[in-house]
Amino acid sequence: MAGILSVTDPDRLGKTDRVDAWWVEPLLTVLGLTAFIVYSTWAAFQGDHYRFGPYLSPFYSPNIKEWFGWNLDFSFAFSILWVPAGFRATCYYYRKAYYRSYFMDPPGCAVGEPHGRSYLGETEFPFILQNLHRCFFYLAAIVLAFLWYDAYEAFFFKDAATGPATFGMGVGTIVLLVNVVTLTGFSFGCNSLRHLIGGKLDCFTCGATARIRHKLWGGVSLLNLRHTEWAWVSLFAVGFADLYVRLCSMGIWHDIRIF
Amino acid sequence: MAEVRKFKVYRGDKNGGQLTEYNVQVEPGMVVLDGIHQIQRTQAADLACRWNCKAAKCGSCSAEVNGKPRLLCKTRLDDFDPAEIITVRPVKTFPLIRDLVCDVSWNFEVNKKIPPLTPKKTADWVMHQEDMDRVQEFRKCIECFLCQNVCHVLRNHDLKDRFYGPRFMVRIACLEMHPMDGLDRTKLLKDEAGLGFCNITKCCTEVCPEEIHITDNAIIPLKERVADRHYDPLRAFWRKIMGADHPCTCADGG
């Protein structure tokens with residue numbers, strides 16, 4: 001006979017009968033997200049080394065300092081980064097990730113939470129603000145348009161000796177292109193977009209517009225199936241794009257011109 | 001040749017209980033429910049276990065196997081390491097009656113609170129497959145209540161008086177997305193059903209034996225419908241200037 005164990009045992013953090021490594025996923029999530037938050041905050045505070053040739057770091061796009069010729073005392077990255085940060089923070093996937101990993105609410109499925117903690121979910125401030133995800137999507141889509149423009153600009157290299165910009169491609173061009181493609185995959189698989197573009201309809205066959213929206217909903221749903229993967233790949237890509245431009249600008253890495 | 005596997009099965013009632021060890025002769029292809037039946041047949045005729053179809057379609061044999069909410073009839077023994085002890089407990093979220101049998105009647109009471117399909121007066125009863133695809137996914141639900149069991153709002157926080165649980169979010173989504181239905185249940189979702197208590201950690205989706213995408217296809221779309229009505233500042237502004245500020249609760253959907 002085994003020891004006496006009641007099914008009504010009080011919960012405590014991590015209490016479970018699961019024998020698999022359920023803690024690996026939240027641990028990796030904490031490590032991954034914390035590394036990105038620390039790096040991106042540091043990079044945003046720097047305020048320099050965000051441009052190298054035709055390459056512009058996505059953390060500093062749009063380059064409002066260059067546009068308006070402002071001489072700012074602070075890093076203007078913060079005037080941009082709140083948009084993608086808000087978009088990711090309110091994203092349904094990231095909510096799952098940090099509720100599980102940072103708040104341990106719950107740390108895993110059928111795993112105990114810290115005992116005696118009251119729970120309000122997303123019914124009260126601050127988490128009721130998660131409902132504004134669609135607003136962050138609208139703003140993030142604007143930022144995304146600038147990043148596509150930056151990727152386009154990364155194909156045109158200015159040479160001080162020859163004068164006008166010439167078409168070409170460097171490793172940095174590919175880095176910025178991969179960055180914007182993955183960000184597009186992530187943004188256009190958004191659950192809010194999936195709803196707004198067609199999911200809100202009850203009838204997909206009631207008229208020509210509804211039929212078109214059904215097709216668009218199908219496309220967004222296809223991207224949404226891999227939203228988790230897009231979220232992580234795009235997070236890595238955007239961090240790496242900044243790192244690449246930064247290290248090239250500092251002269252630590254050398255950009256290779258493909259043609 | 002039959003091998004022997006060690007089972008630990010919860011024996012007890014609402015006053016308490018214990019895990020009891022049994023040795024079970026297993027054959028290739030056996031599921032955990034077969035092991036429980038063998039224990040009943042050879043060692044403990046009074047072991048209580050609810051089951052019916054043994055085909056993962058009736059939703060009766062929900063339990064927790066090695067800590068994971070599962071259907072006993074869909075959990076193959078050869079999926080476990082040969083040396084692993086098979087621990088079987090009743091579902092945690094609902095009151096225990098005896099051994100592996102729980103009282104899940106709370107779910108049936110919740111079900112009664114949901115307004116049923118209310119056709120629009122102008123409903124066209126010609127159905128198109130594109131319109132029914134979403135709804136048919138929800139209709140796969142076998143009411144095993146594993147999603148209700150694993151949902152931490154019900155399991156760890158015991159907020160049964162404030163949150164209906166994922167199973168009933170699926171039912172409401174099934175009604176809300178039905179092309180013939182004319183009722184607006186967003187106020188019910190926001191208030192009585194407690195949709196905001198769900199923090200979309202997706203455990204319900206992970207345990208669903210019918211592989212319904214509960215979170216992505218039911219709960220999140222419902223959250224977005226509630227956001228349309230209550231949390232979208234642009235839509236609120238639009239409604240204000242257009243004067244269309246009243247949610248539809250009428251049967252014709254107009």
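**Chatting through a two-chain model**

Visitor: What is the relative accessible area of Asp17(A)?
Guide: Asp17(A) has a relative accessible area of 31%, so the residue is partly exposed. Buried means under 20% relative accessible area, exposed over 50%, and partly exposed in between, with a 1.4 Å probe and protein chains only.

Visitor: Hang on, what am I looking at?
Guide: This is a predicted model, in which local features need pLDDT of at least 70 and side-chain atom pairs count only at pLDDT 80 or more, while totals for chains, interfaces and linings use all residues; side-chain values use heavy atoms, with hydrogens and water left out. Residues are numbered from 1 along each chain as its sequence is written, and chains are lettered from A and ligands numbered from 1 in the order in which they are written.

Visitor: Back to Asp17(A). What does its side chain meet?
Guide: Asp17(A) forms a salt bridge with Arg89(B), at 2.3 Å from N to O. The pair crosses between chains: Asp17(A) is in the segment before helix H1 (24–46) of chain A, and Arg89(B) is in strand E5 (residues 86–89) of chain B. A salt bridge here is a side-chain nitrogen of Lys or Arg within 4 Å of a carboxyl oxygen of Asp or Glu. Helices (H or I, at least four residues) and strands (E, at least two) are DSSP runs, numbered from the N terminus.

Visitor: And Arg89(B), buried or exposed?
Guide: Arg89(B) is buried, with a relative accessible area of 10%.

Visitor: Why would such side chains pair at all?
Guide: Side chains of opposite charge can pair when their charged atoms come close.

Visitor: How many salt bridges are there over all chains?
Guide: The structure holds 34. Ten salt bridges cross the interface of chain B and chain A.

Visitor: How much area do the two chains bury between them?
Guide: About 4800 Å², with 52% of it on carbon and sulfur atoms. Arg134(B), Glu224(B) and Tyr231(B) supply 12% of the area that chain B buries against chain A, more than any other three residues. Buried area is the accessible area (1.4 Å probe) that two parts lose on being put together, summed over both.

Visitor: How many residues take part in the contact?
Guide: It takes 54 residues from chain B and 53 residues from chain A. Contact means heavy atoms within 4.5 Å.

Visitor: What does Arg134(A) pair with?
Guide: One partner is Glu224(B), with the closest N and O atoms 2.8 Å apart. Asp232(B) also meets Arg134(A) in a salt bridge, at 2.9 Å from N to O. That second pair runs from the loop between helix H9 (214–230) and helix H10 (233–242) of chain B, where Asp232(B) sits, to helix H5 (residues 133–153) of chain A, which holds Arg134(A). Both Asp232(B) and Arg134(A) are buried.

Visitor: What about a salt bridge inside chain B?
Guide: Glu210(B) and Lys57(B) form one, at 2.7 Å from N to O. Glu210(B) is in the loop between helix H8 (203–207) and H9, and Lys57(B) is in the loop between helix H1 (32–42) and strand E3 (62–65), so the pair ties together parts of chain B that are 153 residues apart in sequence. Glu210(B) is buried at 12% relative accessibility, whereas Lys57(B) is exposed at 53%.

Visitor: Which residues do shared partners join into one network?
Guide: Arg134(A), Lys200(A), Glu224(B), Asp228(B), Asp232(B) and Arg235(B) are joined through salt bridges.

Visitor: New topic. What is chain B built from?
Guide: Chain B has ten helices and seven strands. Its C-alpha atoms fill a box of roughly 75 × 40 × 30 Å along the principal axes. Of its 254 residues, 57% are buried.

Visitor: Where are the cis peptide bonds in chain A?
Guide: One runs from Ser61(A) to Pro62(A), with omega near 5°. Pro62(A) lies in the loop between strand E2 (55–56) and helix H2 (64–68) of chain A. Another runs from Phe125(A) to Pro126(A), also with omega near 5°. Pro126(A) is in the loop between helix H4 (92–101) and H5 of chain A.

Visitor: What is the phi of Asp99(B)?
Guide: Asp99(B) has a positive phi of about 50° although it is not a glycine. Asp99(B) lies in the loop between strand E6 (96–98) and strand E7 (101–102) of chain B, and is buried at 3% relative accessibility.
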